[in-house]
Amino acid sequence: MRALPIITMTVSLVAAGATAAVAQNTLPPAPSAYPVTKTVDQVDDYFGTKVTDPYRWLEDDNAADTRAWVEAQNAVTFGYLEKIPQRETIRARLTTLWNYERYGLPRKRGSFYVYTRNDGLQNQAVYYRARTLEATPEVLLDPNALSADGTVAVGSTSVSDDGRYMAYSLSESGSDWIRWKVRDVAAGTDLPDEIRWSKFSGAAWLKDGSGFYYSRYDAPKPGEALTGVNRNQKVWFHRIGTSQDADTLAYARPDKPDWMFGADVTDDGRFLLIYQSEGTEPKNRVFVKDLSRGDSTVEPFLDAFDASYAIVGNDGPLFYALTDQGAPRKRLVAITLGQAAPSAWKTVIAEGPRQDVLSDVTMA
């Protein structure tokens, strides 16, 4: 019964606020009339059940009618937004709040420290190099200068352990497709190396800096780059100074076309780790190749696909894995290569009590 005064007070405040808004002429504009969306006579028969689909024509995103429909919808949307009186005030306030200098953590690679810095309002942070933490930094890569309209973005970056090269990926107009380029860190210029048709990939360097592993798909058919289904992702090795045509296939599974792969190299440089995932399933497999042996092949390591596994480090054949296998809030376990059964694992950090989640582990 005591809720009634509170409800009454709330309604009164809203009414008072509306009155003040009218007085200040700050009410949002009246809704606009939306364009009429045409319908078509499309009916599908699913095992005797007929289902109408009058908007099927909109599925062709490259059709002239679809493009015209999108433009008409955008005209209504932006026409409405542009008339909101508070919009410029909000824009100015957000600009003030976001206008502050910020840095990424420096990483030592060979003779250089590499880090990012944004002066406050730059669309993308700039990459810098410096030989010491006290030295005057020099621009290594400015993503903002890659395109006049700002539609080219730098995604993943990876600097070789010897500090000679930085592999970096470029995405254009928000596409998932990326191109890999390689920059000479000391010179601040790009090598001729370029890799195309990569997607959802990082760059995993060999410890001698001679090249890196990455994931990519086969080149799509003409006209299908943005519409075709991506299948049969593969792991490749690119050697610095060579063309993409000369890259070596490191791992592929044509019998599993929907498997996706990511590559990593252990800190000691001995093992290539290949992570396999399927869609958005929160599980993965881990495969291993011993790079110290020229005749070694990629072998299954954690192959049950029963949980998530992230290798955080190794001591020779002893691997430390962060996993939710048998521990929904995760634990750190030690697993010897060739002894992957959970009964042979040693728990290093047990699952936390209550609601505690072991979210990350770094091995030093």
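**Reading salt bridges, strands and surface patches in a predicted model**

User: In this predicted model, which residue forms a salt bridge with Asp190, and how far apart are the closest N and O atoms?

Analyst: Side chains of opposite charge can pair when their charged atoms come close. Here the partner of Asp190 is Arg183, and the closest N and O atoms are 2.8 Å apart. Asp190 is partly exposed, because its relative accessibility is 30%, whereas Arg183, at 13%, is buried.

User: Which residues are joined into one network by salt bridges that share partners?

Analyst: Asp44, Asp53, Arg56 and Glu59 are linked in this way. The count for the model comes to 22 salt bridges.

User: How is the salt bridge between Lys181 and Glu194 to be read?

Analyst: The N to O distance in this pair is 3.6 Å. Lys181 belongs to strand 10 (residues 178-184) and Glu194 to strand 11 (residues 189-198), so the contact ties together parts that are 13 residues apart in sequence. Lys181 is buried at 15% relative accessibility, while Glu194 is partly exposed at 29%.

User: Is Glu172, which forms a salt bridge with Arg179, buried or partly exposed?

Analyst: Glu172 counts as partly exposed, because its relative accessibility is 41%. Its partner Arg179 has a relative accessible area of 21% and is partly exposed as well. The closest N and O atoms of the two side chains are 3.1 Å apart.

User: Turning to the strands, how many residues of strand 18 are buried?

Analyst: A residue is called buried when its relative accessible area is under 20%. In strand 18 (residues 285-290), six of six residues are buried. Both faces are covered: Arg285, Phe287 and Lys289 lie on one side, and Val286, Val288 and Asp290 on the other.

User: Which strands are joined to strand 18 by bridges?

Analyst: Strand 17 runs antiparallel to strand 18 and is joined to it by six bridges; Leu273, for example, has Val288 as its bridge partner. Strand 19 (residues 299-302) is also antiparallel to strand 18, with three bridges between them. There, Val286 stands opposite Leu302.

User: Which residues form the negative surface patch?

Analyst: The negative patch consists of Asp264, Asp267, Asp268 and Asp315. Asp268 sits in the loop between strand 16 (260-265) and strand 17 (271-277), and at 42% relative accessibility it counts as partly exposed.

User: What forms the nonpolar patch on the surface?

Analyst: Ile90, Leu94, Leu97, Trp98 and Leu121 form that patch, with about 490 Å² of accessible area together. Leu97 lies in helix 3 (residues 87-98) and is partly exposed, with a relative accessible area of 44%.

Definitions and conventions. Residues are numbered from 1 along each chain as its sequence is written. This is a predicted model: local features need pLDDT of at least 70, side-chain atom pairs count only at pLDDT 80 or more; totals for chains, interfaces and linings use all residues. Side-chain values use heavy atoms; hydrogens and water are left out. Patches are made of residues with over 30% relative accessible area and no salt bridge: like charges are joined within 9 Å, nonpolar side chains (Val, Leu, Ile, Met, Phe, Trp, Tyr) within 5 Å. Accessible areas come from the Shrake-Rupley method with a 1.4 Å probe; for residues, only the protein chains shown count as cover. A salt bridge is a side-chain nitrogen of Lys or Arg within 4 Å of a carboxyl oxygen of Asp or Glu. Lys and Arg count as positive and Asp and Glu as negative; His and the chain ends are not counted. The place of a charge is taken as NZ of Lys, CZ of Arg, CG of Asp or CD of Glu. Helices (H or I, at least four residues) and strands (E, at least two) are DSSP runs, numbered from the N terminus. Buried means under 20% relative accessible area, exposed over 50%, partly exposed in between (1.4 Å probe, protein chains only). Two strands pair if DSSP finds at least two bridges between them.
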